[in-house]
Amino acid sequence: MNAVLGGDPGAGLACVSSALLDMNRHLEVRDVLQTIVVSARQLLDAEYAALGVPDDHGGFAQFVVDGVSEEQWKAIGPLPRQHGILAAMLHDATPQRLADVRQDPRFEGWPAAHPDMSDFIGLPVADGDEVLGALFLANKKCPKPAGGCGFTAQDEELLGILAQHAAIALTNARLYERSRELTIAGERARLANELHDAVAQKLFSLRLTAQAAVALVDRDPARAKTELHQIAALAAEAADELRAAVVELRPAALDEDGLIATLRTQIHVLDRAHTARVTFAAHGVRALPAAQEEALLRVAQEALHNALRHSGAGRVEVTLTRQGDGGALLRVADDGSGFDPSATRRAGRHLGLVSMRDRAGGVGGRLRVDSAPGKGTLIEMEVPGG
């Protein structure tokens, strides 16, 4: 995006439009904040830009900068507090445009490693009466009028438009993250119920088999020995069920390990926990945006759940393949009993198909279901490149 030069309002609005498109491509709060800051600095041709989201304790929950290297940022030290000009923007929701921020009576200095700044512009990012953050820029890259600020009234107007839409983008990102938390909580509750049911069944079988072994140990030692072997097998199955659920419940696996490693680990455990053979293969897939990777993981989990719990499959194959546009194609195929998708919809038993379609659509992807009674099931989900 080019800087706004020569006082051309049309060029400025075109840059704002480009910045808004950039903001709306992201769903994660951190990504939205970073896009806002980068867009603002480029829009006003400033040397530095920052955006702070306040917490409830006089500091900042998040603070994103652009124009400062990572080494400089580490040297600066702890995040600033809500004081001076920052406090004025956060608490009074008033724009600030200064010829030299260092000469303002509210200026309280900065750490030794902080870059030197002079002309300054800052605006609150607000949703109605709620101030979501403070957006500020320093050191406009242009000749400064004697004793004046390099940032103009037109700059303030353009930044104001950007700040209004930044508030919408930030609010939407927060709502998305909240809905994702609720979705994950719901999936954990489902997995907890599965864990309870599966392990309870195994423990019930263990108890009955142990009782039979006790009754047989004196009159038929050979049969008692067979029952004891069955107890050992049931105990191993219960342990595998527990491991499978624990792996799926790990909240940080996707963030820490990435999609391929997370799928491989979970499918390995499911292969051990079930009589069906469950396999996984990945071909050339590169890292995708976080929202796409999560959607692919959740659809794979739902498809695996259906195949292993409902279809009676003897084999389930999961593949993840890179597409020509840099996207990915997920395939979950089983040789189970299959079903009639149209009849399932009419009967109101969706087998998770609605949630899978919603997840695919939410990241610009497509879901295809190919199944028929006695013919197994194929679930395909395709997502575009990031």
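## A loop glycine, a five-stranded sheet and its helices

In this predicted model, Gly324 is found in the loop that connects strand 7 (315-322) with strand 8 (328-334). Gly324 is exposed, its relative accessible area being 88%, and this value lies above the cut-off, since a residue counts as exposed when that area is over 50%. Although 60 residues separate Gly324 from Pro384 in sequence, their C-alpha atoms are 9.3 Å apart in space.

**The sheet**

Elsewhere in the chain, five strands form an open sheet in the order 2-1-5-4-3, and their pairing is antiparallel. Strand 2 and strand 3 are the edge strands, each of them pairing on one side only. From one strand to the next, the twist averages 15°.

At the edge formed by strand 2, six bridges pair this strand with strand 1 in the antiparallel sense, and among the partners across this pairing are Ala50 and, in strand 2, Val65. The hairpin of strand 1 and strand 2 has five residues between the strands, and in it Gly58 adopts a positive phi near 85°. Is strand 2, as an edge strand, largely enclosed or largely open? Five of its seven residues are buried, so strand 2 is largely enclosed by the rest of the structure.

At the edge formed by strand 3, the antiparallel pairing with strand 4 consists of three bridges, and Gln96 stands opposite Gly122 of strand 4.

**The helices that meet the sheet**

Helix 4 packs on the sheet and touches strand 1, strand 2, strand 3, strand 4 and strand 5, while its direction makes about 140° with that of strand 5. Helix 2 (residues 29-44) lies across strand 1, strand 2, strand 4 and strand 5, and it runs at about 40° to strand 2.

Why can helix 4 be described as largely enclosed by the rest of the structure? Helix 4 spans residues 84-91, and seven of its eight residues are buried, so the description follows from that count. The buried residues are Gly84, Ile85, Leu86, Ala87, Ala88, Met89 and Leu90. What covers them includes strand 1 (46-54), strand 2 (60-66), strand 3 (96-98), strand 4 (120-127) and strand 5 (130-140).

**Residues with positive phi**

After helix 4 comes Ala93, with a positive phi near 55°, a value that Ala93 takes although it is not a glycine. Ala93 belongs to the loop between helix 4 and strand 3, and with a relative accessibility of 39% it counts as partly exposed. Asn139, which is not a glycine either, has a positive phi of about 65°, but Asn139 lies within strand 5 and is buried, with a relative accessible area of 11%. The table sets these two residues side by side.

| Residue | Phi | Location | Relative accessible area |
|---|---|---|---|
| Ala93 | about 55° | loop between helix 4 and strand 3 | 39%, partly exposed |
| Asn139 | about 65° | strand 5 | 11%, buried |

Taken together, the sheet has strand 2 and strand 3 at its edges, helix 4 touches each of its strands 1 to 5, and Ala93 stands in the loop that leads from helix 4 to strand 3.

Methods: Residues are numbered from 1 along each chain as its sequence is written. This is a predicted model: local features need pLDDT of at least 70, side-chain atom pairs count only at pLDDT 80 or more; totals for chains, interfaces and linings use all residues. Side-chain values use heavy atoms; hydrogens and water are left out. Buried means under 20% relative accessible area, exposed over 50%, partly exposed in between (1.4 Å probe, protein chains only). Helices (H or I, at least four residues) and strands (E, at least two) are DSSP runs, numbered from the N terminus. Contact means heavy atoms within 4.5 Å. Two strands pair if DSSP finds at least two bridges between them. Axes are lines fitted to C-alpha atoms, for helices over the stretch in contact, and angles run from 0 to 180 degrees between N-to-C directions.
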